[in-house]
Amino acid sequence: MSDSGYRQIFNDGMWNNNVAFVQILGMCPLLAVSTTVVNGLGMGLATMATLVASNGLVSMIRQIVRPEIRIPVFVVIIASVVTVIELVMNAYFHQLYKILGIFIPLIVTNCSILGRAEAFASKNSIGRSLADGLFMGLGFTVALVLLGGLREVAGHGTLFTQIYLMFGHGADWLTTQVIPHYQGFLLAALPPGAFLGLGLLIALKNVIDQRLAERAAAHETTPPAAQPAA
Amino acid sequence: MALMKNMSVSAVLLGLFAIVGTALVAYTYSATKDRIAANERAILLRTLHTLIPASEQDNDMAQDTVQVTSPQYLGSPKPMTVYRARKHGKPVAAVFTAIAPNGYGGPIKLLVAVRYDGTIAGVRVISDQETPGLGDAIESEKSDWIYSFTGKSLDNPGKKGWAVKRDGGQFDQFTGATISPRAVVKAVHNTLLYFKQHREELFGAKPTSDKTGGEHTNASEGPSDE
């Protein structure tokens, strides 16, 4: 596979085809756990691990699965992967598991995982599928952290609360009270805040895309116009 | 005929994947279950000692347990484990495993430590499925709320005070979440009522046999409650 193929996968996952901002997939976990940065980060990383594993497995078996049973087979694979990840985390990262407890089974309900299995991994090589899982997962993680940060600041006036649960007490300095004596803004902390926040972030992404497109268009037209003048 | 054959092949293939998937999960389960149980037990012991400091008792609390059943006061039709703390053979405190059945996301499993004189030494949430960022502030890792029980008893704040502020009581609710703290307050109050009625028999009862009893049942119950 060419180098540019992987760059394309990276761009798609992080920006052009971002799970949360463009595909609008995985809304259930996205809206449910994006209340703080730490929750968002934990959920994002666990989802990324699932995406990488399920993409890899689906790509591995893509030659032997018949089209008519592929969806049930993917579902079996994803459910198994999530359960295994849940058990392994419970055994070896018990503290982290305690925090993410309820989020982890929720990963099964994330349709982006089945979506990537069907749309990408079932048609691509193992290497490309793993990269796709990694960058789709990373893009989802970034979206969750951004939305979590937005809701945490607006809802509680803080940022990075409980960061020690993931990185130990060495990371405590990250926890900040952004707005002192903040009364809390209930709407941001509740599920409607997740919808509004996601809408704002998608709007922001569209504005950036538009600016980029305008600049690109300007670049294409100016040099030929400048050349005759020179 | 061709169709039938096609279908059978698909069915066998699908069945094979189901078997492989189940085998994978079963293997992981059996490979991790001892470690998970050990984790649960270690956390339980650590929690017991944050409620009743080691300096205040000298017995092995994890072994000195009794099983009591009280759906009305302890929130579960199943026998619940009570860990007993003693010093020089005298009763110091009882740590109840209690269930708050009416949490927002299902039952909330609690440890309620009651001193011999009926005051609360501390309360901790062992497992819950409350909404992350809202109701999960009942957990000691998420907020200081659970410490507000320490030192309280049936007479302090009295029957009316044993409710969240919205219901006219003494305990705070959270922004956007009243149901979780309400459930915990009620469960703690019920535990105190149970303790008042059964104090002497609780400390008098013979310990439940080591391995089959208290500690073990509790540890194996843990994961299924997650």
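**Close-up views of a predicted two-chain model**

**View 1. Helix H4 of chain B on the sheet.** In this predicted model, helix H4 (residues 179-204) of chain B lies across S1, S2, S3, S4 and S5 of chain B. The angle at which H4(B) runs to S3(B) is about 140°. The strands beneath this helix belong to an open sheet of five strands, in the order S1-S2-S3-S4-S5 of chain B, with antiparallel pairing. Strand S1 (65-68) and S5 of chain B are the edge strands, each pairing on one side only. Direction ignored, neighbouring strands of the sheet are turned by 25° against each other on average.

**View 2. Helix H1 of chain B on the sheet.** H1(B) also packs on the sheet, where it touches strand S2 (80-87), S3, S4 and S5 of chain B. The direction of H1(B) makes about 155° with that of S5(B). H1(B), spanning residues 2-51, also gives five residues to the lining of the largest pocket, the most of any element.

**View 3. Strand S4 of chain B and its two neighbours.** Which strands pair with S4(B)? On one side, strand S3 (residues 90-100) of chain B pairs with S4(B) in the antiparallel sense over eight bridges. Within that pairing, B:Ala94 stands opposite B:Val114 in S4(B), and B:Ala93 has B:Arg115 in S4(B) as its bridge partner. S4(B) is also joined to S5(B) by six bridges, and these two strands run antiparallel. Here B:Val112 stands opposite B:Val123 in S5(B). In a regular strand, side chains point alternately to the two faces of the sheet. Strand S4 (residues 108-115) of chain B has seven of its eight residues buried, so it is largely enclosed by the rest of the structure.

**View 4. The hairpin of S4 and S5 in chain B.** S4(B) and S5(B) form a hairpin, with four residues between the two strands. B:Gly118 lies in the turn and has a positive phi of about 95°. S5(B) covers residues 120-127 and gives two or more residues to the lining of the largest pocket.

**View 5. The largest pocket.** What is the volume of the largest pocket? The value is about 880 Å³. Its lining has 32 residues, and the closest to the pocket centre are A:Lys98, B:Val125, B:Ile126, B:Glu139 and B:Glu141. Elements of chain A that give two or more residues to this lining are helix H5 (94-100), helix H6 (103-106) and helix H9 (164-167); from chain B they are helix H1 (2-51) and strand S5 (120-127). By class, 14 of the lining residues are nonpolar, seven polar and 11 charged.

**View 6. The second largest pocket.** The second largest pocket holds about 580 Å³ of space. It is lined by 25 residues, of which A:His156, B:Gly133, B:Ala137, B:Lys142 and B:Ser143 are the closest to its centre. By class, this lining has seven nonpolar, 14 polar and four charged residues.

**View 7. A:Ser80 beside chain B.** A:Ser80 is placed in helix H4 (residues 70-92) of chain A. Is A:Ser80 buried or exposed? The relative accessible area of A:Ser80 is 9%, under the 20% limit, so this residue counts as buried. Leaving aside residues up to four places away in sequence, A:Ser80 touches B:Gly21 and B:Val25.

**View 8. The two chains in outline.** Chain A has 11 helices and two strands, which run α-α-α-α-α-α-α-α-β-α-β-α-α from the N terminus on. Of its 230 residues, 44% are buried. Among contacts in chain A between residues at least 6 apart in sequence, those that join residues at least 24 apart make up 76%. Chain B has five helices and five strands, and along the sequence the pattern is α-β-α-β-β-β-β-α-α-α. Buried residues account for 48% of the 226 residues in chain B. In chain B, 53% of the contacts with a separation of 6 or more are between residues 24 or more positions apart.

Terms used
Residues numbered from 1 in each chain as written. Chains lettered and ligands numbered in written order. Predicted model: local features only at pLDDT ≥ 70, side-chain atom pairs only at ≥ 80, totals over all residues. Heavy atoms only, no water. 1 Å grid on protein atoms, 1.4 Å probe; cavity = no way out; pocket = protein on both sides within 12 Å on 5 of 7 lines; lining within 4 Å. Points joined across faces, edges and corners; volume = space filled by probe spheres on them. Nonpolar A, V, L, I, M, F, W, Y, C, P; charged D, E, K, R; others polar. Buried < 20%, exposed > 50% of the residue type's maximum accessible area, 1.4 Å probe, protein only. Pairing = 2+ DSSP bridges. Contact = heavy atoms within 4.5 Å. Axes fitted to C-alpha atoms, helices over the stretch in contact; angles between N-to-C directions.
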